[in-house]
Amino acid sequence: MKNLTLTAACIAALMTAGTSAVGQERGGVMTYGRYADSLFLDPVLNDANVDIWILSNMYDTLLLPSADGKSVEPGLASEWSVADDAMSVTLTLRDGIMFSDGSPITVEDVIWSLDRARNPDNGIWNFLLASVDTVTAPDDKTIMLTLKQPDPAIVAALTVFNSAIMPQKAFEESEGETMAEKAENFGTHPIGSGAFVLESWDRGATMKLVRNEYYWADGEDGEKLPYLDGVTFEVIPDDATRILRLQSGELDGAELIPFARVAELQSDPSINMELFPSTRVQYITMNVREDIAGEDNPLSDPNVREAMNYAANKQAIIQTVTFGVGKPMTTFMSSATPLATDNGPLYPYDLEKAKGLMAESEYPDGFTTSILVLAGNQDEIGIATALQQMWSQIGINMEIQQVDNATRTEQYREGLFKMRVAAWTNDIADPGQITSYFAYSPTIDALHSGWKSEEVDELYEASQSEVDEAKRGEQYARIQEIFNTTGPTVPLYETPYPVALQEGVHGFVQIPLGNNIFRGAWLED
Amino acid sequence: MPEFIARRLLQLIPTLIFILVVVFALVRLLPGDPASAILGDRAIDADVERINRELGLDKPIPVQFWVFVKSFATGNLGNSITLKLPVSQLIADRLPITMLLTFMAAVISLLMAVPLAFVAALKRDRPPDSIIRGGFQVGLSMPVFYVGLILLTIFGAKLRWFPVGGYGDGFLDHVYHLFLPAVTLALSLSAILMRNLRAAIIGVLDADYVSFAQSKGLATRLILYRHILRNALISTLALFGLSIGTLLGGAVITETVFAIPGAGRLMVDSIYGRDYPVVQGLTVALAVLVSVTFLLTDLLQAWLDPRMTK
Amino acid sequence: MTDTARPETPVPSRGRAGLLSRLPRTFMFGVLILGTLVLIAIFPEFFAPYDPLAFDYSAVLQPPSAAHPFGTDNFGRDVLSRVIHASTINLQIAIFATITPFVFGTLLGAVVGYVGGIAETIFGRVVDAVITFPFLVLVIAIVSVLGPGLVNMYIAVGLVGWVFYARIIAAEVKVQKRLDYADAGRAMGYTHTRIVFRHLLPNSVTPAIVYWMTDMALAILLGSSLGYLGLGAQPPAAEWGVQIAEGKNFMATAWWISVFPGIAIVITGLGFSLLGDGLADLLRTRK
C-alpha cells in the first residue's frame with residue numbers, strides 16, 4: 001500500500017514557512033480590501049473567483065492545499081491513503097471536529113457533501129470528482145471513495161473548494177423548495193467548517209467574518225486557530241482608492257495592486273508589498289481555423305504563428321506592462337503547476353527569425369487582423385498596444401477592439417474572434433484542468449481556437465487515469481512540447497499575486513491557486 | 001394644482017411602459033448571455049446551456065416577455081442572476097444610497113452656483129467674474145475619477161478630515177462618508193448651473209424692465225429679488241430637472257472611485273454581468289425616481305411662473 | 001402673481017455702437033483659444049515633435065525635459081505629441097457629438113413650444129422616456145451592439161442629447177409666444193414658420209447656445225469617461241480622457257502623463273465657455 005499520509009507536525013512546519021520568528025499574537029480584526037464583492041457563498045454552485053478565493057475560510061475541506069500549492073496536507077481528515085490498484089481512496093476523519101454551530105461533523109455530512117459536489121446537475125465543478133463511483137463510510141470515522149477508473153488528481157480534488165464539507169441537516173432545513181433555492185438561502189448565513197464564519201454581509205460593501213470557535217486546527221502557541229477574532233472584507237473597486245485606504249491605515253491589507261504601483265509600495269517602509277507565487281499566466285489566444293466567417297485566416301498558418309511568437313518581445317512587455325514583476329513563460333502552464341516543464345523561456349525575441357518565417361509563410365506581405373481586449377482594462381490594453389507595434393514590424397496590421405466580458409466570451413465561444421488577450425489561473429494543484437481547457441480539443445476546442453492534435457488528445461486521455469507519477473510526467477512533457485511549438489497561443493508572462501499588507505500583518509497567504517488564507521494570519525500590536 | 005399633479009402622474013404610465021419594453025429588448029440585444037458573463041473563460045457549452053435553461057432563457061423571446069410582464073404586473077421583479085437575491089431587495093438596499101448622494105450633490109451645487117452666479121453677473125467681466133468662471137471651468141473640465149482621487153488624497157489620506165471611501169453606518173455617518181463624493185459629483189452640475197444662471201441674470205439685468213423699475217425708485221434689493229431671481233431661476237430649474245438624470249448616471253464612476261455600494265455601480269455590474277432582471281428593475285426604478293424629480297421641479301417652476309401650467 | 005414690468009419685446013433697446021469694440025475681452029480670448037486649438041487640431045503633424053504612437057523603450061516614464069517637454073509615458077511615447085494629436089479627436093468629439101442634437105433639438109423644441117397642444121403632450125412623453133432612461137445603459141448597449149468606437153458613441157450621445165435643447169427651447173418659446181410681439185406678428189399676417197423661425201426662435205435661442213458651449217466641453221468629458229470604460233476612442237489613438245485614464249496608476253510616480261491632458265481639457269473647456277458667454281451677449285445686443 002502506497003501511503004501518502006503526512007503527519008500533523010509536517011503541516012505545522014509548512015504553516016510557519018515564510019512567517020517571522022516573532023511569537024504570534026492573538027486577537028484583532030483584520031480588514032482586507034478586495035476589488036469586488038463575492039456573489040454566492042456556496043462551494044458547489046458558485047462560478048467566480050470572487051467566491052472561490054475566499055470560500056475556504058468558511059468551508060473546510062477533507063484535505064488542504066499546501067502553501068506552495070503543489071502538495072496536499074491533512075484537513076478535516078487527518079490521514080488518507082490511495083489503494084494500490086488506485087481504485088479507491090480511504091480517509092480518516094479527525095476526532096471531535098465540529099461545524100461553526102457546534103454540531104459534530106459526521107460521516108453522513110461528508111458523504112452528503114461529496115455526493116452533492118459530484119452530482120453532474122450541480123454547478124460547473126463536478127468534473128473534478130467525475131472519477132468517483134461511490135462515497136461510503138465503513139465506520140463513523142472513515143470515508144471511502146471508490147473510483148470508476150484510476151485518477152491521479154483525486155487527492156488534489158479533495159482540497160478544492162467544491163468538495164468542502166457542509167452540514168446536511170442545516171442545509172436541508174434552509175428555506176426553499178428546490179436544492180438550488182435552499183443553497184441560495186443557506187449561502188446568506190452559512191454554517192461551515194472553516195476557520196471563520198460569516199457574521200454579516202452588506203452586499204457590495206462589507207463582509208464580516210468572525211472566528212469559528214469550533215475550528216479544529218491548533219496554532220503555533222498550542223491554542224486553537226485562528227489567531228484573529230475576525231476578518232472584514234471591504235469592497236473597493238478602484239485600485240487607487242484601495243491603495244489610498246491602505247496607506248491611510250484604514251485597511252490591513254489590499255489585494256490586486258496594479259503592477260505600476262508595486263515598486264512605489266515596496267519603497268514604503270510601513271507597507272509590506274507581498275508578491276505571492278501564483279498559477280496565473282497571461283497569453284494571447286489565436287483562432288487557428290482555416291477560415292473565420294467565410295474569410296481566409298492567416299493565423300491558421302503555423303509559420304505565421306511562429307513568426308508572431310518570435311516578433312513578440314516578451315521582455316519589453318514584462319517591463320512596460322508588469323514593470324518587471326512578471327517573468328517569461330517556459331511552457332503554457334505556470335511554473336507553479338505540477339509537471340510543468342522548463343526548457344528555458346519560450347520563443348525568445350528574434351525579429352530577424354520572425355521576418356524569415358513570415359517570408360516563408362503564405363502571407364509574406366503581411367495581413368490585417370484584430371484582437372479583443374477587455375474594455376477599460378489597462379493591462380490588456382497595454383499588452384495589445386505593445387503587440388500592435390511589435391507585429392507591425394513583420395507586416396501585420398492589428399486593430400484593437402475593446403469589448404466587455406460577455407461580448408468577448410460570446411465571440412470566443414462561437415469561434416468568431418481572431419485573437420484575444422487572456423489570462424488563466426488554476427483551480428486545482430494538477431496540470432489536468434489547464435490542459436483540458438488549453439490543449440485537449442473535446443473540452444472547448446483548445447481555448448476555442450479550433451486547434452487540434454490527435455496525439456495530445458490521446459496523451460491527455462491516457463494521463464487522466466495514469467497513476468504512475470513518472471509516466472504521467474512523460475505524457476505531460478510531450479503534451480507541453482507539442483502545444484508550445486505548434487499551439488494556438490502567444491505565451492507572454494506569468495505574474496505573482498500582488499498583495500500589500502501593513503507592516504504588522506503576519507501569516508497571511510494567498511496560495512498559487514488564488515485562495516486567500518486567513519487562518520494563520522495575525523496582527524502585531 | 002392637484003389636478004396638474006394627477007395628470008402628470010397619469011402621464012408617467014405610458015412612459016414607464018415604453019421604458020419597460022425598450023429595456024427588455026435592449027438587454028437581450030446585447031451580445032452574450034448571463035452564462036457567458038458569469039462563467040467567462042471557464043464556460044463550457046453544457047454549463048452555458050444548463051444555466052440558460054435554469055433561467056428560462058432558452059424559451060422564445062415573446063414567451064420570456066410574457067413571463068416578465070406577468071411577474072412585473074404582480075410586483076415581482078424577479079431574482080438577480082448573479083447575486084441570487086430578489087431584485088426588489090437589491091433596489092431597496094442600493095437606490096437610497098444613490099438618492100442620498102444625488103440629493104447631497106444637488107444641494108451642494110445649488111449652494112455653490114446661486115450666490116456665485118449673482119456675484120459673477122453683477123461684477124460682469126471684472127476680476128471676480130473671471131475668477132469664479134475660471135474656477136468652475138476647472139471643476140467642470142476634470143474627469144470625475146481624477147477629481148475624486150485628488151479629493152480623497154488631500155482630504156482623506158493627508159488631512160484625515162474625511163474617510164477614504166466607504167459608506168459607513170447610520171444616517172449621519174452616511175452623510176459624512178458621502179460628502180466628498182457629493183462634492184465631486186456636484187462640480188460639473190454646479191458649473192453648468194452657474195453659467196446658465198449667470199447668463200440668465202445678465203439677460204434680465206440688460207432687459208429694459210429692470211431700468212423701468214429702477215426709474216420708479218424701487219430699492220435695488222427688491223429688484224433683485226422680484227425680477228432677477230424669479231426669472232433667472234425659471235430656466236435654471238428646467239436645467240436642474242434635466243440634469244438629475246445625468247447626475248444619477250454620473251454617480252456610477254463616483255460610486256466606483258469612492259467605494260460606495262450604490263445603484264449606479266449595481267447597474268453597471270448588472271449590465272456587464274447580463275443580469276437581465278436587475279437591469280430591468282433598476283431601469284424602471286430610476287425612471288420613476290427621475291420622473292418624480294421632474295414633477296417636483298415643474299411644480300416649483302409653476303409656482304414661480306404660473307403660466308407654465310396652462 | 002402679476003408681472004406689470006414686462007416690456008413690449010424682451011430685447012434691449014439701449015443703442016450700442018461699434019460691435020467689435022464692445023465685445024468683451026473674455027470673448028476674444030475664447031476665440032483665440034479655440035482658434036489656436038483648431039489650427040493645432042488640423043495640422044497636428046506640424047506641431048508635434050514626435051510620432052504620437054512611436055515607442056521608445058530607452059525613454060520610458062521620463063519627466064518633462066527639453067527633449068520631451070511633457071515627459072514620456074510607460075511606453076516611452078512623447079506625451080506632448082500625444083496631447084497635440086489628441087486635440088484632433090477631442091475637437092471632433094466636441095463638435096460631432098453635439099451639433100446634431102443642437103440643431104435637431106432646437107428646431108423641434110421651437111415647433112413644439114409654438115404649436116403646443118397634442119404635439120406638446122407627445123413630445124413630453126418622448127422626452128420623459130429618453131431622459132429617464134439611464135444614459136449609461138443606452139451607451140453600453142449601443143456600443144456593445146454596434147461595436148466600440150467614436151461614431152457609435154456619437155450615435156448614442158445624439159440619441160439622448162437633443163432632448164436637452166428641445167426642452168430648453170420649448171420652454172422659452174412658450175414664454176415668448178405669449179408676449180405681445182408674437183401676437184403682433186400674427187396680426188400682421190405672418191406665416192407660422194416666419195413667426196417661429198424669424199421671431200420666436202432668435203429670441204429664445206440664447207440659453208440653448210449657452211448650453212451648447214457647455215455641452216461641447218461636457219462631450220469631451222463624456223468622451224473621457226467612456227474612453228475610461230473602453231467605450232470611446234480606441235487605442236492606440238491618443239484622446240485626452242484615455243490619456244488621463246492611462247496615467248491614473250502613475251499619479252504618484254509620473255504625474256505628467258495625466259496632468260497635461262487634463263490641462264488641455266480645462267483650456268479647451270474654458271475656450272468654449274468664454275465663446276458661449278460672448279455669443280450670448282452678442283445675440284442679445286444684435287437685435
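Two residues are taken to be in contact if their C-beta atoms, placed from the backbone, lie within 7 Å. On that footing, the contact between chains A and B takes 32 residues from chain A and 34 residues from chain B. The model is a predicted one, so local features need pLDDT of at least 70 and side-chain atom pairs count only at pLDDT 80 or more, while totals for chains, interfaces and linings use all residues. Residues are numbered from 1 along each chain as its sequence is written, and chains are lettered from A and ligands numbered from 1 in the order in which they are written.

On the chain A side of this contact, at least two residues each come from strand 10 (230-235), helix 7 (239-247), helix 13 (405-413), strand 17 (419-424) and helix 15 (441-448); helices (H or I, at least four residues) and strands (E, at least two) are DSSP runs, numbered from the N terminus. Helix 13 of chain A gives the most, with six residues. Sorted by class, the side of chain A that touches chain B holds 14 nonpolar, eight polar and ten charged residues. Here Ala, Val, Leu, Ile, Met, Phe, Trp, Tyr, Cys and Pro count as nonpolar, Asp, Glu, Lys and Arg as charged, and the others, Gly among them, as polar.

Then there is the contact between chains B and C, with 56 residues from chain B and 53 residues from chain C. Elements of chain B giving two or more residues to it include helix 1 (2-29), helix 8 (171-206) and helix 12 (276-304). The top contributor on the chain B side is helix 10 of chain B, with nine residues. That side of chain B splits into 35 nonpolar, 15 polar and six charged residues.

Chain A itself has 17 helices and 22 strands. Its C-alpha atoms fill a box of roughly 70 × 55 × 45 Å along the principal axes. The radius of gyration of chain A, taken over C-alpha atoms, is 24 Å, which agrees with the value near 24 Å for a compact globule of 525 residues; the globule rule is 2.2 Å times the number of residues to the power 0.38. Of the residues of chain A, 55% count as buried, that is, with 20 or more other C-beta atoms within 10 Å of their own C-beta, placed from the backbone. Among contacts in chain A between residues at least 6 apart in sequence, 71% join residues at least 24 apart.

An automatic or database domain assignment divides chain A into domain 1 (2-234 + 504-523) and domain 2 (278-496). Their C-alpha centres lie 33 Å apart, and 18 residues of domain 1 touch 15 residues of domain 2. The domain 1 side of that contact comprises twelve nonpolar, four polar and two charged residues.

One open sheet of chain A has four strands in the order 4-5-7-6, with antiparallel pairing; strands pair if DSSP finds at least two bridges between them. Strand 4 (77-82) and strand 6 (132-139) of chain A are the edges, each pairing on one side only. Five bridges join strand 5 (88-93) to strand 7 (142-147) of chain A, and Leu91(A) stands opposite Ile143(A) in strand 7. Helix 3 (107-118) of chain A lies across strands 5, 6 and 7, running at about 180° to strand 6; axes are lines fitted to C-alpha atoms, for helices over the stretch in contact, and angles run from 0 to 180 degrees between N-to-C directions.

Chain C comes to eleven helices and zero strands. Of its 287 residues, 54% count as buried.

How values were computed
Buried ≥ 20, exposed ≤ 12 C-beta atoms within 10 Å, placed from the backbone.
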